[in-house]
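This briefing covers one helix packing and one group of aromatic rings. Please view the sequence and the model alongside the text.

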Amino acid sequence: MITEIVLQIASAPGIQLRVVKRLKSLGLACTQRTLKNTPFVDTRYLVLELDGPDMPKQEIIDQLRGVHGILSVDKLDQKGVASVHVTDEQKSEPEHQQTIAPEVGDQEIRDRMLVFSLLSRYPNVGGRLYEILSTIPQDERLSRARQLGHSFGLHLFKQEKLSSPIEDLPEALSQLILPAISPMAEAHLQNNVLAITASKINVRPKKPQKHACQFLLGTLKGLLSTALPGKHHIEKLCCAAEDADDCRFQFQYKNRNEKVTR
């Protein structure tokens, strides 16, 4: 069987090795590998020619979607051949001239579809999030990452099978926040402070990205607002994208019936 697969990958080390290992586990060998530029920042197309046993192409695609650092798999039918074979003129274009696909359609419906596509990749949401944000103007990406994270947290709460209702903040942190976040990131909880030292939301682990932190912040707010629908606050104490050793979030919660003390 000879087939061709096209991957859009982040410009981060180790991705090609992970792809080759995954294909090898399926009994497939890469007879040819070609890297091509894309119109997007920090991404490339990896064109693979595969040889091995007969296997449905969709099965190969489904297996590759879980590899960390892959942003999309085999979308030639949607983007067209021209999106892979970038011309010399496109390669020389300044970054600010690159075309960004506008967000169109009803925002509520569109965001629901985007969130469901992220949930389908949980806990490996980083590649899909990067792909989504690549179609959004750069000055809007952080706010959109936070918005998508909030909706993602609301729906993620529904997937968490809690044995009993959440009564207070300590229960929310230990029984909901930590179990929900841990599959996506290396998380440590101390009192009401959550520390993140590694994250699958970030497609470039050695170079933390602000959009990944904003998505995580939105997710935390979505989870907490569902578990404890009273007044709550999450303060970001430090950020790995701003040269800190980790990202830290401090949680505070006040019941609706509790009086404010000064």
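How are α8 and α9 oriented to each other? They are oblique, a class that holds angles outside three others: under 35 degrees (roughly parallel), over 145 (roughly antiparallel) and 65 to 115 (roughly perpendicular). The model is predicted, so local features need pLDDT of at least 70 and side-chain atom pairs pLDDT 80 or more, while totals for chains, interfaces and linings use all residues. Residues are numbered from 1 along each chain as its sequence is written, and side-chain values use heavy atoms, without hydrogens and water.

**Helix packing**
- Helix α8 (residues 169-181) packs on helix α9 (residues 210-227) at about 135°, and their axes are 10 Å apart.
- The crossing of α8 past α9 is right-handed.
- On α8 the contact (heavy atoms within 4.5 Å) uses L169, A172, L176, I177, A180 and I181, and on α9 L216, T219, L220, L223, L224 and A227.

**Aromatic rings**
- There are 2 aromatic pairs in the structure, a pair being rings with centres within 6.5 Å.
- Y122 and F152 are tilted (neither under 30 degrees, stacked, nor over 60, edge-to-face), with centres 6.3 Å apart and planes at 50°.
- F152 and F215 are also tilted, at 5.3 Å centre to centre and 50° between the planes.
- F152 lies in helix α7 and F215 in helix α9, so this pair ties together parts 63 residues apart in sequence.
- Both F152 and F215 are buried, meaning under 20% relative accessible area.
- One aromatic cluster is formed by Y122, F152 and F215.

How values were computed
Axes fitted to C-alpha atoms, helices over the stretch in contact; angles between N-to-C directions. Helix = DSSP H or I, 4+ residues; strand = E, 2+ residues; numbered from the N terminus. Left-handed = near helix turned anticlockwise from the far one by under 90°. Phe/Tyr/Trp six-rings, centres within 6.5 Å; stacked < 30°, edge-to-face > 60°. Buried < 20%, exposed > 50% of the residue type's maximum accessible area, 1.4 Å probe, protein only.
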